[in-house]
Amino acid sequence: MGLHGVKAVFFDLDNTLIDTAAAGRRAIEERPPRPLQVISALQSKHHYGEGEARAVCDKVQAKLLKECHDPAKMCITDLRISHWEEAIQETIGGEANRDLAAECYYLWKTTRLQHLTLAEDTRAMLAELRKGLRLLLLTNGDRQTQREKIEACACQPFFDAIVVGGEQKEEKPAPSIFHYCCDLLGVQPAECVMVGDSLDTDIQGGLNAGLKATVWLNKSVTAPVDPCPVPHYIISSVLDLPAVLQKMEHNINAKLETDHTASSNE
């Protein structure tokens, strides 16, 4: 698929190409006969009540959502063990239990990685797109964490380049990281499309960098009445992207034809 004016597509990773949120939930809630997940482990090995175990996990999830990580001050592993340590102490009381916190963290992390998969239909779509376009994976986040996810879902063969925000001076939505991606692929911002689930980082970043188009993946049943920032296109599944790209090509061809006709009539 070669498009007039579009040479490259940038893809976000988490909750765009892979369902990180669902993998995290499964790591917490799945029960035997699968390997023990966190709630089950807290109940069976450490004799927590189900309510206590669930409360610990809910507190950790809340801490992850508000997480602010500075790799210069603390590695991601220590920070996330601290989340579990604090959540356990807030729920159960008593002295901090770093060993139990570390056990919970590694169990959660290992199980989540096992559930991070790149679906077969997504793989097929990427392979088809790459026949005519350059593809780049652009993900924010800690270097170690994101590289582990990339390895787990085995998505490397589908991309011409992979850029992790934690390895750069600035992350999305800063224009600099988008322009770095353009330089890697040898393309101009106006020749690129950004696809992602975050209005704040993916869409705002694409707009900040002057990309040709932004495509917002919104999996919810109802779209916000007035999304801000405003993406060029909205899709409910990443598999809808080829249709959007075809629509863009049609619009570009129509404009070229109109411009040619207008020029001929002058």
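Q: Axes are lines fitted to C-alpha atoms (for helices, over the stretch in contact), with angles of 0 to 180 degrees between N-to-C directions. On that footing, how do the axes of helix 1 and helix 5 lie?
A: This is a predicted model, where local features need pLDDT of at least 70 and side-chain atom pairs pLDDT 80 or more, while totals for chains, interfaces and linings use all residues. Residues are numbered from 1 along each chain, and side-chain values use heavy atoms, without hydrogens or water. Helix 1 covers residues 20-29 and helix 5 covers residues 98-114; their axes come within 8 Å and cross at roughly 130°.

Q: What makes helix 1 and helix 5 oblique to each other?
A: Under 35 degrees is roughly parallel, over 145 roughly antiparallel, 65 to 115 roughly perpendicular, and the rest is oblique. The angle of roughly 130° fits none of the named ranges, so this pair goes down as oblique.

Q: Which residues bring helix 1 and helix 5 together?
A: On the helix 1 side you've got Thr20, Ala23, Gly24, Ala27 and Ile28, and they meet Trp108, Thr111 and Arg112 of helix 5. Contact means heavy atoms within 4.5 Å.

Q: Why is helix 3 called oblique to helix 4?
A: The axes of helix 3 and helix 4 (residues 76-92) come within 9 Å and cross at roughly 135°. Run that angle past the ranges above and it lands in "the rest", so helix 3 is oblique to helix 4. On the helix 3 side, the contact includes Glu52, Ala55, Val56 and Cys57, and on the helix 4 side it includes Arg80, His83 and Trp84.

Q: How many helices and strands are there in the protein?
A: The tally is 10 helices and 6 strands. They are DSSP runs numbered from the N terminus: helices are H or I, at least four residues, and strands are E, at least two.

Q: How do you know how many disulfides the structure has?
A: A disulfide is a pair of cysteine sulfur atoms within 2.5 Å. Searching the whole structure turns up 0 of them. Take cysteine 155: the nearest cysteine sulfur belongs to cysteine 153 and sits 3.7 Å away, so the pair misses the cut-off. Cysteine 192 goes the same way, with the sulfur of cysteine 182 nearest at 3.9 Å, so there's no disulfide there either.

Q: Why are cysteine 155 and cysteine 192 called buried?
A: Buried means under 20% relative accessible area, exposed over 50%, and partly exposed in between (1.4 Å probe, protein chains only). Cysteine 155 comes out at 0%, so it counts as buried, and cysteine 192 is also at 0%, so it's buried as well. Across the 266 residues of the protein, 45% count as buried.

Q: What makes histidine 47 exposed and alanine 154 partly exposed?
A: Histidine 47 has 67% relative accessibility, which is over 50%, so it counts as exposed. Alanine 154 has 31%, which falls between 20% and 50%, so it's partly exposed. Histidine 47 is in the loop between helix 2 (38-44) and helix 3 (50-65), and alanine 154 is in the loop between helix 7 (143-153) and strand 3.

Q: Why point out the phi of histidine 47 and of alanine 154, or the peptide bond joining lysine 172 and proline 173?
A: Because most residues other than glycine have a negative phi, and most peptide bonds are trans. Histidine 47 has a positive phi, near 60°, and alanine 154 has a positive one near 55°. The bond between lysine 172 and proline 173 is cis, with omega about 15°. Look for proline 173 in the loop between strand 3 (161-164) and helix 8 (175-185).
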